[in-house]
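User: I have just opened this model and would like a guided look at a few places in it. Could you take my questions one at a time?

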Amino acid sequence: MGKKLIVTEKPSVAKDYAKILGAKAKGKDFFESERYLITWAYGHLLTLKLPEDLKPEWKTWQMETLPMIPKEIGIKPLPKTHRQLKVIGNLAKRKDVDGAIIATDAGREGEAVGRYIFEWLRFAKPLERLWISSQTEKAVKAGFAQLKPAKNYENLYQSAVARGKADWLVGLNVTRALTVKYEDSLSAGRVQTPTLNLVAQAQEKMEKFIPTTYYSVALVYGNAKGRLQSKNPQRFKERQEAEDFIAALQGKIGQVTKVEQKTKSQNAPLPYDLTELQQVANSLYQYSAKKTLNLVQSLYETHKIVSYPRTDSKYLPQDLASTMKERLQALAGYDERAKKYLAQGAQVKQKAVFNDKKVTDHYALIPTEERPRSEKLSTDESRIYHLILERFLGLFAEAYQTAKTTAEVQIGSETFVFTQEEVLAAGWKNDATVAKNSLDWQGIKSLKGDFAITKELTSAPRLLSEGTLLAQMEKYNLGTPATRAEIIEKLLKSELMERRGNGLAVTPKGKQLLSLVNPSLASPELTAKWEQSLEAIAQGKEDPKKFLKEIEDATRKLVSEIKDSKETYKDFSLTTKICPECGSQLKERNTRDGKIYLCSNSECNYRRRKEPKVSNHRCPQCHKKMEIIDGKNGAFFKCKFCGITEKIPDKQERKKKLSKQEERRLLKKYSQEEELESPLAAALKAAMKEQ
């Protein structure tokens, strides 16, 4: 019986599968058992070819070669992970391998990761797909017992390929056209540009907003306040107007003209999908979308205590109902409510959560059957796990019930509205308390109250936070739960967008970019239409060739408009500093390593750090960390406190210099207690004393 080659997306997943399937490590590249060979990718090992890989004339960024519309793009290995691709290729060629299993993440991007590898290898043996939604031992074993032919996921793969090609065509062509025309790095794309525009629209509303003052009037009776019913909430612009209004009503008896009571029952909210979880984590803890994704990925992959994170569904399939008791049992030692719900028979009260039609590739984020170990979770991981846990436990809780009373009181021709709400049953809202000192409006026919005037100020619209931006991206179908965090990070990295506190704002460079591209590319409607087409391709309802033809036509139009544009551009990154090599102005850029200056002349390669880099090398006098200064004759250490400078040793000098640990080890080795001390030990001791 031959063996099957399993390829996972990450080494850590391969290690877990090896343990579950009983495979042993063979060197550092793969695991092996009687039935399986298990190895891994590092995310994408292959990517779409770049323009210069297709045509030599496309290597140079110039307007004459745009738009670039190749008949076939093709894929190529990523240079940093080429060795791992070779490892997979060698295993695939083994004579005892009679098939392979794609065990990458179960989603559109995971499909591309796995299929690109086997397409590149021209793998002709049977290919199967592992599709699971949690990484517990039970789920993994069940998944391998129910493998599906890879061809069952052909539409999903074609959707991934179409998405990659669409991003290539629009992104590379528009970015090159803008960069060449306006001589600055201007990155645009079919998803990132409308996302940037959403931030800009909210920012514009905030910047144009002019706050106004007005006065509100209320009728006070006991502990209750009744608001004045008015078509114009900002009726009183001056305090005197409000006082004159009250004076006309003062002393009059109010008649209770209408009392309504409504009982409301509210079920617990459904479990999270990734986007809502990112929104809530941003609102509560100011976590970025990327950070939340990384934390929930760790809970899924490392701790194995939550289901697949990159989901867009808040529902569960019907066949998961039988697993709910086991999931509660795993939580019994972690949360007292789990014990309570187990004692009640583990009955799910929120029946609507089970809906096969509303589950796409993956179901909602819920705990697995694995027992959580709180001592192994970081504070951030615990916070995210607690959010997921709360929604899950809410499915077993009774509804939250309230009674809302609305009373209308008429004084003269004016009406005041009182509202009060009482909690009848706390249900899933554990912290809800019953209202005290509430009024019995049914027994009140008339009343005489006091009036209160409050100074109000209209509140400005806020900047979008990452949470509210994610909600907008979801509304307009921009990106997927798996890609939205990366899109936000890309906009920040390219300096088109910046963080302002917990809000997001468009930079001057970003504002200009939006004015330079066609409004259709900046509007979310066009990209939303394209995303719907990609989803239709994944479901086998649309031809990918038709979709890409539409993208090609749009690309030609977008590039043509940039070429013909008469818009002007101001580079806000230009400084007053002059390049010492060619005399051009220096630009300021943000990098991972801090801010740098680089020459605005494209033919000049001069660059330097804006602020010196702080090293781990200590000053011999004050023992503080020294800075690395770029001098005319190369870099050197300098202490900004003492002014002392030191040469930076080269590799050979660093090898020659012993570390303190090595010094102690050598001294110990040659200074063992002997009747006569060896000459070498004596020499080493003397050298240490001199130092």
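User: Is Cys582 buried, partly exposed or exposed?

Analyst: Cys582 counts as partly exposed, because its relative accessibility is 35%, where buried means under 20% relative accessible area, exposed over 50%, and partly exposed in between, with a 1.4 Å probe and protein chains only. Please keep in mind that this is a predicted model, in which local features need pLDDT of at least 70 and side-chain atom pairs count only at pLDDT 80 or more, while totals for chains, interfaces and linings use all residues. Residues are numbered from 1 along each chain as its sequence is written, and side-chain values use heavy atoms, with hydrogens and water left out.

User: And which cysteine sulfur is nearest to that of Cys582?

Analyst: That of Cys599, which is 3.4 Å away. Cys582 is in no disulfide, a disulfide being a pair of cysteine sulfur atoms within 2.5 Å, and Cys599 is in no disulfide either. Cys599 is buried, with a relative accessible area of 8%.

User: How many disulfides are there by that rule?

Analyst: The count comes to 0.

User: Switching to the sheet, what is the order of its strands?

Analyst: The open sheet has 7 strands in the order S2-S3-S4-S1-S7-S8-S9, with mixed pairing; strands are DSSP runs of E with at least two residues, helices are runs of H or I with at least four, and both are numbered from the N terminus. Two strands pair if DSSP finds at least two bridges between them.

User: Which strands stand at the edges?

Analyst: Strand S2 (24-26) and strand S9 (148-149) do, and each has a single partner strand, so one side of each is left without a neighbour in the sheet. S9 runs antiparallel to strand S8 (residues 127-129), to which 2 bridges join it, and Arg129 stands opposite Lys148 in S9.

User: Now helix H18, what do its buried residues pack against?

Analyst: They pack against helices H4 (108-120), H6 (154-182), H7 (192-208), H17 (519-522) and H19 (544-564), where contact means heavy atoms within 4.5 Å. Among the buried residues of H18 are Trp530, Glu531 and Leu534. Just after H18, Gly540 takes a positive phi of about 75°.

User: Since H7 came up, what does Gln203 touch?

Analyst: Gln203, which lies in helix H7, is buried with a relative accessible area of 1%. Leaving aside neighbours within four places in sequence, Gln203 is in contact with Leu463, Arg500, Ala505, Val506 and Lys511.
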